[in-house]
Amino acid sequence: MPTPRTLEWIGDANGFVRLIDQTQLPTALAYRDCHTVEDVWEAIRSLRVRGAPAIGVAAAMGVVLGVQNCKDAAHYGERLQEVTSYLRTSRPTAVNLFWAVERMERCFQSECQTGTPQEWTQRLLAEALAIADEDRRMCRAIGAAGAHLIGDGQGVLTHCNAGGLATAEYGTALAVMFTAAEQGRRFHVYADETRPLLQGARLTAWELHQAGIPVTLICDSMAGQVMKEGRVQLVIVGADRIAANGDTANKIGTYSVALLAQAHGIPFYVAAPSSTFDLRLSNGDGIPIEQRDPREITHGFGRQTAPEGICVYNPAFDVTPHHLIAGIITEKGLIQPVCEEAIRALLE
C-alpha cells in the first residue's frame, strides 16, 4: 500500500498545513503542523518536506498561510509578493516550487481583482488544493505510462526518493513500481542509500517495504557491482528540474548511476510530471545547483566523521545529460528519444 499522504491542508481558509516530518523517518512516522509561511519555509529548507512536486504543493499552501491574516485590500497584493519572494529563497533547484508560486500569483492577478481579502484567500486556497489534486492525478498517470517498462522477474535500481513522500501522493519513479506491482508483476528493487542524507535508505526503502515490494538497500558505491553481477535490468529515477533538451537535475549521485547504466547496457529512465520541465532553459548548464551545509557530510546525523576544519564540497544535485536517458516518463506519456523536439511535441 502506498505511503500515507505527505502533506495536506487542514480546515478552511483559516486552517494550516500538516505534513510528514521526513527527517524523523524511518524510525518514527511523525507529523508537523505549519501555521505560518515561515513554518513552511523552514520545512522546505530543512527537508522536512522534500521532492520537487511535494515542495511545489507545500509552497502553494505556504502562500495561503502567508496572506490569510491580511485583511487590508490595498496591501493584499503587496503582501502576496512578499510571501512568494520569501518562499522562492527556500531551495533553488526544484523548479516545481517556482512554478507553483508563479501559478498562485497568476491566480491572484486574474481572479482576485474584485471582492474581499477573505474571498481572495479562499480562492488562493482553492488553487493550492487544485495543484495538490492535479499532482496526485499526474503521479497515477505517470505510473500507468511507465509500468510496462518493468518486466516480470527484473531487478530495478533507483536513486534517492521519488515516491509518495516526494509528491502529493503515490510518487513518480516509485509510481511506476507501485503500478507494475498492482498489475501483478514480480520484481526486485535495489535502492541506493543516497548519501549524505540517506533518502534512499530512510525513505525509499521504507516506502517500498510498506508497500510489500521486495527491496534491497545498497550503498551508493555498490551500484556498479550490482549491475555487473546482472542483478539490475532497469534504472528509474525522479527529477527536480528538466531542461528543454532533456538534461535532468536530480539528487547528487544520479549522474554517476546514469554513467554506470550506460557502461553496462542498462536503460536509464527518468519519471517526472510536466511541471518539472523548465522549457526556458535550453540545457542543463543553466540549472541552479543548491549547495548545502558542509556539516551534512562532516557531522552526518549528529556524529563527527571528518577532521575539524576540513574543506567540504556539498552540492545537493547533479545534472544527467539527455543522451544518457532512454526515456522520460510523464503523465502525458513516454518521451522517447529524449530531445527538445520530442519534449516540446508532447508537452506543448
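This report covers salt bridges, a pocket, one helix, the cysteines and a glycine loop in a predicted model.

## Salt bridges

Side chains of opposite charge can pair when their charged atoms come close. The count here comes to 22 salt bridges. Three of the pairs are set out below.

| Pair | Closest N to O | Elements linked | Separation along the chain |
|---|---|---|---|
| Arg18 and Asp33 | 2.8 Å | strand E2 (residues 16-20) and strand E3 (residues 31-34) | 15 residues |
| Glu42 and Arg32 | 4.0 Å | helix H1 (residues 37-45) and strand E3 | 10 residues |
| Glu127 and Arg103 | 2.7 Å | helix H5 (residues 117-146) and helix H4 (residues 95-111) | 24 residues |

Strand E3 takes part through two residues. Asp33 in E3 pairs with Arg18, and the pair links distant parts of the chain, with Arg18 in strand E2. Arg32 meets Glu42 in a salt bridge, and that pair joins strand E3 to helix H1.

Are these side chains buried or exposed? Arg18 has 29% relative accessibility, so this residue counts as partly exposed. Its partner Asp33 is at 32% and is also partly exposed. Glu42 stands at 26%, again partly exposed. Arg32, at 33%, falls in the partly exposed class too.

The helix pair is set differently in the fold: Glu127 and Arg103 are both buried. Their salt bridge connects H5 with H4.

Beyond single pairs, there is a network. Salt bridges link Arg45, Arg91, Glu290, Arg292 and Glu296.

## The second largest pocket

The second largest pocket holds about 150 Å³ of space. Which residues line the second largest pocket? They are Thr23, Leu25, Ser46, Leu47, Leu197, Arg202, Arg292, Glu296 and Phe301. By class, the lining has four nonpolar, two polar and three charged residues. Arg292 and Glu296 belong to this lining, and both also sit in the salt-bridge network.

## Helix H9

Helix H9 spans residues 254-263, and its buried residues are Thr254, Val257, Ala258 and Ala261. They cover an arc of only 100 degrees around the axis, so they lie on the same side of H9. The spacing follows a general rule. An α-helix has 3.6 residues a turn, so residues three or four places apart point the same way. After H9 comes Gly265, with a positive phi near 70 degrees.

## Cysteines

How many disulfides does the structure hold? It holds zero. A disulfide is a covalent bond between the sulfur atoms of two cysteines. Cys112 is in no disulfide: the nearest cysteine sulfur, that of Cys107, is 4.9 Å away. The cut-off for a disulfide is 2.5 Å between the sulfur atoms. Cys112 counts as buried because its relative accessibility is 1%. Cys34 is buried as well, at 0%.

## A glycine in a loop

Gly284 lies in the loop between strand E11 (277-278) and helix H10 (295-298). At 7% relative accessibility, Gly284 is buried. Gly246 is 38 residues away along the chain, yet its C-alpha atom is 7.9 Å from that of Gly284.

Terms used. Residues numbered from 1 in each chain as written. Predicted model: local features only at pLDDT ≥ 70, side-chain atom pairs only at ≥ 80, totals over all residues. Heavy atoms only, no water. 1 Å grid on protein atoms, 1.4 Å probe; cavity = no way out; pocket = protein on both sides within 12 Å on 5 of 7 lines; lining within 4 Å. Points joined across faces, edges and corners; volume = space filled by probe spheres on them. Nonpolar A, V, L, I, M, F, W, Y, C, P; charged D, E, K, R; others polar. Salt bridge = Lys/Arg side-chain N within 4 Å of Asp/Glu carboxyl O. Buried < 20%, exposed > 50% of the residue type's maximum accessible area, 1.4 Å probe, protein only. Arc of directions from axis to C-beta.
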